[in-house]
There are 2 protein chains.
Amino acid sequence: MKNTQNDATDLSAQIASKIRDSIVEGRLIVNERLPSEAELSEQFSVSRSTVREALKRLAAQSLIRTQRGAFGGAFVNKLSYQDAYSQNITTSTLLLSMNDINIDVACEARFALERSCVPLACARRTEEQLSVMRRELHRQTSPDLSDEEWCASDVAFHRSFVDCAQNPVLSYQLTGAVEAMQPLMNMITFTARSRAKIISHHAALITSLETQDIPLAERTLGELADYSMQLAAKVLAGVNSFLSAVSMDCSWCQSMAPTFIFKVVNPSERRLET
Amino acid sequence: MKNTQNDATDLSAQIASKIRDSIVEGRLIVNERLPSEAELSEQFSVSRSTVREALKRLAAQSLIRTQRGAFGGAFVNKLSYQDAYSQNITTSTLLLSMNDINIDVACEARFALERSCVPLACARRTEEQLSVMRRELHRQTSPDLSDEEWCASDVAFHRSFVDCAQNPVLSYQLTGAVEAMQPLMNMITFTARSRAKIISHHAALITSLETQDIPLAERTLGELADYSMQLAAKVLAGVNSFLSAVSMDCSWCQSMAPTFIFKVVNPSERRLET
DNA sequence: GAAATTTAAATGTCAGACTTTTAATTGTCT
DNA sequence: AGACAATTAAAAGTCTGACATTTAAATTTC
């Protein structure tokens, strides 16, 4: 478990890798202060800029935090659940959006994972969490909810379901799966009819928690998965017929299709926001 | 979903955040080239060093890759499963080791997650995967396996089990959970007797896959979880009595205990490897 | 036409200066 | 003595400009 990065990379990556190993393997412990940038640049015999680039790499992974001023410096950061969540979500989202994952595979994974907390959730759900879920369910019945709002509520509902298991590690692992799914769900649940159907499943899910009915919960999740895949198949069929109808000599369109077909924007808008 | 980082942070973090948003939201697509460092420093009105620090942050998250030379530059990176795996593992491992997670919570989460792939694994397991699992099981019976080797084999076994579900998204999400557990398992499964017991559960798991016996698989995973927790409780009891016996005025020892009690090294060894 | 050379555009690295922040220290007043 | 203000020093943050290295395209040479 040494030297995560090989040589042949640039110095800042090598240095970052060494320090990272020191943290992961416990030679540097939480809240311990690293040597100052000047000292590190001496230790590693590189310039201060190179050290700084290495430290920025670590900061990007929330492995260290920095503090300015006297008695400041770089400190080993205690990775919070919040940091871990957002890293997990970013990674999962990009993994799904960049690897043109089959939507069925994604749905299958999502509901399989959610299924894993059914027994715990049924056993431990609190009244508070149930009321969160009821509130989201009620929001979802509002017909003037935008697609984005509807999906955000869907995510909140499922996160709350996961949280019912009262296991933070489980919640952490599932957060990525649930959140990363949002853009996909966004694509497939945009008709009133599909919303209504999903809402009825959500209601059943709440009931199963209330009555601690494990089989009902598992069955409902399975139905939700199946229905999601049906919707996806229907949408994809529409997309494919659209794609075969339009000219496909635009390489950008090709690379975006079919996953992001609904996100296509005017190419002139594709620039960095400064 | 804008401006992941607020102001009040340094420029390189702000710039990294803007570019990251552009990638996540699809304004920059895979393999697209970013402007050169010089151009970016003009666009954002900062120096080249600041831009470079921002780019290093993104590189640390595998969001971009850089290439030297003419027609080189920074390119939006297609996040591979491999990259996503290792990021997930690093994050999960640190989360567990830094937040003195209750070991029961961790075990519970791990086996709940593995349980989620039981139906799929039973339905789809291939002969190839079964033979991997049998091979690892056989390795585990060798009494001269070191603790590290034994745990590595344990991880390989469980990863293979997860892979039986033939769902890459599921495998990705579970990788973190299984791998991050390794140090914990390392702490608790070091006697011959506990190894033997775990081996028998592993054998049952293989049988359940061979015969596609879902209830047996679920039951076995539950027993494995229970047994892990029993072992952990026994070990922790020993650790606690040890801790109460030694002087606790060393803040470093306190911060390491009890999770890393087996990792305690001579303080003189706690330095960066240069 | 193929091989060798040149060239230009990038990133990678370095050195040094200056700015800003921050906490400890020191000094002053009541 | 204690509270408040000014000083100071250490450290990260930023900028500038230079040079090294890499790389692919363009050019030259044979």
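## Two protein chains and two DNA strands

Every interface residue of chain A, 100%, is also an interface residue in chain B, so the copies meet through the same surface. This is a predicted model: local features need pLDDT of at least 70, side-chain atom pairs count only at pLDDT 80 or more, and totals for chains, interfaces and linings use all residues. Residues are numbered from 1 along each chain as its sequence is written, while chains are lettered from A and ligands numbered from 1 in the order in which they are written.

**Symmetry and the A–B interface**

- Chain A superposes on chain B by a rotation of 180 degrees with 0.1 Å of shift along its axis, at an RMSD of 0.1 Å. The fit is by least squares on the C-alpha atoms of residues with pLDDT of at least 70 in both copies. That is the relation of a two-fold axis.
- Contact joins 58 residues of chain A to 58 residues of chain B (C-beta atoms, placed from the backbone, within 7 Å).
- On chain A, the side that touches chain B draws at least two residues from each of α1, α3, α4 (81-98), α5 (103-115), α9 (168-188) and α12 (251-256).
- α4(A) gives the most to that side, with 9 residues.
- By type, that side of chain A holds 29 nonpolar, 17 polar and 12 charged residues. Ala, Val, Leu, Ile, Met, Phe, Trp, Tyr, Cys and Pro count as nonpolar, Asp, Glu, Lys and Arg as charged, and the others, Gly among them, as polar.

**Chain A fold**

- Chain A has 12 helices and 2 strands. These are DSSP runs numbered from the N terminus: helices are H or I, at least four residues, and strands are E, at least two.
- From the N terminus, the order is α-α-α-β-β-α-α-α-α-α-α-α-α-α.
- Of the 274 residues in chain A, 37% are buried (20 or more other C-beta atoms within 10 Å of their own, with C-beta atoms placed from the backbone).

**DNA strand C**

- Strand C is surrounded by 23 residues, and the closest are Leu11(A), Val46(A), Gly69(A), Ala70(A) and Glu37(B). Near means a C-beta atom, placed from the backbone, within 6 Å.
- Two or more residues come from each of α1 (11-24) and α3 (48-60) of chain A, and α2 (37-43) and β2 (73-76) of chain B.
- The surface near strand C has 7 nonpolar, 11 polar and 5 charged residues.

**DNA strand D**

- Of the 24 residues around strand D, Glu37(A), Leu11(B), Val46(B), Gly69(B) and Ala70(B) come nearest.
- α3(B) supplies the largest share of this surface, 3 residues.
- The surface near strand D divides into 7 nonpolar, 11 polar and 6 charged residues.

Key:
Buried ≥ 20, exposed ≤ 12 C-beta atoms within 10 Å, placed from the backbone. Contact = placed C-beta atoms within 7 Å.
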